[in-house]
Amino acid sequence: MIAEPEVEIHPQKIIDRNKRKEDKFNFIKAILLDIFLVFYSLIVLQRAIYFKFILDLRELPFSWNEIGIIYLISVVTGILWTSTKTSLSCKLFGIAKDNKITKWTVEIFSWFLFNITFIAGWIVTKFSIVDIFSSEGIQGAQRIFGALFQPEMGIFDDALFAIIETIYIALLATLISIPPTLLLSFFTARNLMRDNKIAFTVYYVLRIILNFIRSIEPLIWAIIFSVWVGIGPYAGMIALLVHTIASNAKLYSEAIENIEEGPIEAISATGANKIQIVWYAVVPQILLPFLSFTIYRWDINVRMATIIGLVGGGGIGTMLMQYQGLARWHEVGLIVLMIAFVVWVMDYISARIREAIY
Amino acid sequence: MILEVKNLHKIYNSGTHALKGVSISVEAGEFLVIIGLSGSGKSTLLRCINRLIEPTSGKVKFLGKDITHIKGEELRKVKSQIGMVFQQFNLIKRRSVLTNVITGKLGSLSTFNSIIEKFDKEVINEALNNLETVGISEKAKERADSLSGGQQQRVAIARSLMQNPKLLLADEPVASLDPATSNSVMHYFEKINKDFGTTVICNLHFLSLVRRYATRVIALKAGEIIYEGLPHEIDETWFKTIYGEEAEEVEIR
């Protein structure tokens, strides 16, 4: 009847056993990480530094065999290196020997990794001071900045309508997102869903789906929906809507997870049911954060709606893209100025509203 | 007998063995005070009694009925008959005092009516009466978080009175209040106990309050009952056993 543990195990033994298990697990993790680090260094050394920088090849030779050989070398080196318990990964997972060799390897290898990564980045981005200060480049810059300061006012009407369209795309996406986001946020809040297995499964599956949707940028959603429903503001709106729901559901549910447990306990002690508990103990605590997130999101959506226009999501972005394609820089100048102004105003308003409600 | 707890054990998922075979029986009308250090299992015991948490083993009988493992509708019905007051008051901060008091009645209101916040005249009057009982009816329209700590705790008491509780649990109700306010809040528990005959089980820290209000005392240490008796019987030796050798009694008047 009484759930006393039957056999008393000395606590120290349990701690030791757990420690051994953890060490074994960490050792495997360290091996995998070491293999990866060695593999990464070799690939970077070969392709970026040797082929591109030293030999200055335009087309990089590529063969799976070569990569395979490099991988094999890394596996062998990685395993051997981890076994000595002096590698960087051992240090990271806390299983390294505490001696001078470890200290030196860790320091030297970290520096080595940092430097080759920086150099590889330099090579990949084709970093060049010459390009920035070439006379041709300076001329181009002058053209663009000059146009910015002499905007073509002839298209002001069109641009105004387009930017209003953008603001409405953002507004509608934000407004429509509210009810589904609210609903989803309750089902993705851990503290409301941990009571039983079914609820927890729903929580888990929804979280994975939302994470997936959120990890796809609105720009890509806009491309998908411009194929689905046709190019235009509607595609842009749906793209924003989808992303807004997924991101705000996360923020909302985190707000729910951070509420005080006390009122929930108090209301449930009165014999209230689940819906009443949520209405009286959860909702009043999350109303303001929700409002604040939503207003902030509108502000973000105005900026995103501009970008989405570039791939056919309608509004000012689409207009910008057209004039840029025609190289009509004075028109581009006007559009850029208008976007900057609207974004600045939205940013200011949303910050003010959020200040006021807290 | 209103409450009977038999050989109660509670082991949390974290492995903490919070209650180790606690047995108490409480007669109707008693003012039972539970004392003990933080972590001695006082709060866990109260939460097992009104089943905010489920005991691991043992038995809890309320009004002769076994409530140890009941669930759903049945559990809510039992909860609605046991009032509870907390150390941190646990009011809904942004709502009015009156709404907060009415939430005590949620167990017997329909879900729909409670969500559109349509309350009968009777319920509102009952809430005002209960605010009267704890002496702050003039604050009914104010926001709960604009009140002082002592006033908030009185609102919480009024909320529990809405349940017409047979049993009132209080989890260190004065631990976050200053000494003078503590005494006045305890005074309301006494009033409820004497005037309405409500049984009170209260966790307390200050022995002077215990001596003044309790009709019986139980001391918990590491999840076990180490003392049971009348408040004036706790002497220096017992005090040191309950609170440890280092402890010294602090007077609160």
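**Where the two chains meet, and where the rings pair up**

Across the interface of chain A and chain B, the rule finds two salt bridges. The model is a predicted one, and every value here is computed from it. One of the salt bridges joins Arg47(B) to Glu265(A), with the closest N and O atoms 2.5 Å apart. Polar contacts turn up across this interface too: 10 residue pairs, with both residues of each pair at pLDDT 80 or more.

On the chain A side, the elements that bring two or more residues to the surface touching chain B are helix 12 (261-269) and helix 13 (274-309). Helix 12 of chain A gives the most, with seven residues. Sorted by kind, the residues on this side of chain A come out as 13 nonpolar, six polar and three charged. As for the contacts themselves, 22 residues of chain A meet 35 residues of chain B. The size of an interface is often given as the accessible area lost when the parts come together. For chain A and chain B, that buried area is about 2,500 Å², and carbon and sulfur atoms give 59% of it.

Next come the aromatic rings. Over all chains, the count by the rule used here is 19 aromatic pairs. One of them is made by Phe225(A) and Trp228(A), which count as stacked because their ring centres are 5.2 Å apart and their planes stand at 15°, an angle under the 30 degrees that marks the limit for stacking. Both residues belong to helix 10 (residues 218-228) of chain A, and since they are three residues apart there, about one helical turn separates them. Is each partner buried or exposed? Phe225(A) counts as buried, because its relative accessibility is 8%, while Trp228(A), at 64%, counts as exposed.

Tyr252(A) and Phe293(A) make another stacked pair, with ring centres 6.4 Å apart and planes at 20°. Here the partners come from two helices of chain A: Tyr252(A) sits in helix 11 (residues 233-257) and Phe293(A) in helix 13, so the pair ties together parts that are 41 residues apart in sequence. Helix 13 has already come up as one of the elements on the side of chain A that touches chain B. Tyr252(A) is buried, at 2% relative accessibility, whereas Phe293(A), at 24%, counts as partly exposed. The latter value falls between the cut-offs of 20% for buried and 50% for exposed. Elsewhere in chain A, Trp111(A), Phe114(A), Phe118(A) and Trp122(A) form one aromatic cluster.

Finally, a look at the backbone. Most residues other than glycine have a negative phi. Against that background, Lys85(A) catches the eye: this residue is not a glycine, yet its phi is positive, near 60°. Where does Lys85(A) lie? Its place is the loop between helix 2 (64-83) and helix 3 (88-92) of chain A. With a relative accessibility of 30%, Lys85(A) counts as partly exposed.

Chain B has a case of its own in Ala222(B), which is not a glycine either but has a positive phi of about 50°. The loop that holds Ala222(B) runs between strand 9 (216-221) and strand 10 (224-229) of chain B. Ala222(B) is partly exposed as well, with a relative accessible area of 43%.

Definitions and conventions. Residues are numbered from 1 along each chain as its sequence is written. Chains are lettered from A and ligands numbered from 1 in the order in which they are written. This is a predicted model: local features need pLDDT of at least 70, side-chain atom pairs count only at pLDDT 80 or more; totals for chains, interfaces and linings use all residues. Side-chain values use heavy atoms; hydrogens and water are left out. Contact means heavy atoms within 4.5 Å. Buried area is the accessible area (1.4 Å probe) that two parts lose on being put together, summed over both. A salt bridge is a side-chain nitrogen of Lys or Arg within 4 Å of a carboxyl oxygen of Asp or Glu. A polar contact is a pair of N or O atoms within 3.5 Å; within protein, one must be able to donate a hydrogen and the other to accept it, and residues adjacent in sequence count only if both atoms are side-chain atoms. Helices (H or I, at least four residues) and strands (E, at least two) are DSSP runs, numbered from the N terminus. Ala, Val, Leu, Ile, Met, Phe, Trp, Tyr, Cys and Pro count as nonpolar, Asp, Glu, Lys and Arg as charged, and the others, Gly among them, as polar. Rings of Phe, Tyr and Trp (its six-membered ring) pair if their centres lie within 6.5 Å; planes under 30 degrees apart count as stacked, over 60 as edge-to-face and the rest as tilted. Buried means under 20% relative accessible area, exposed over 50%, partly exposed in between (1.4 Å probe, protein chains only).
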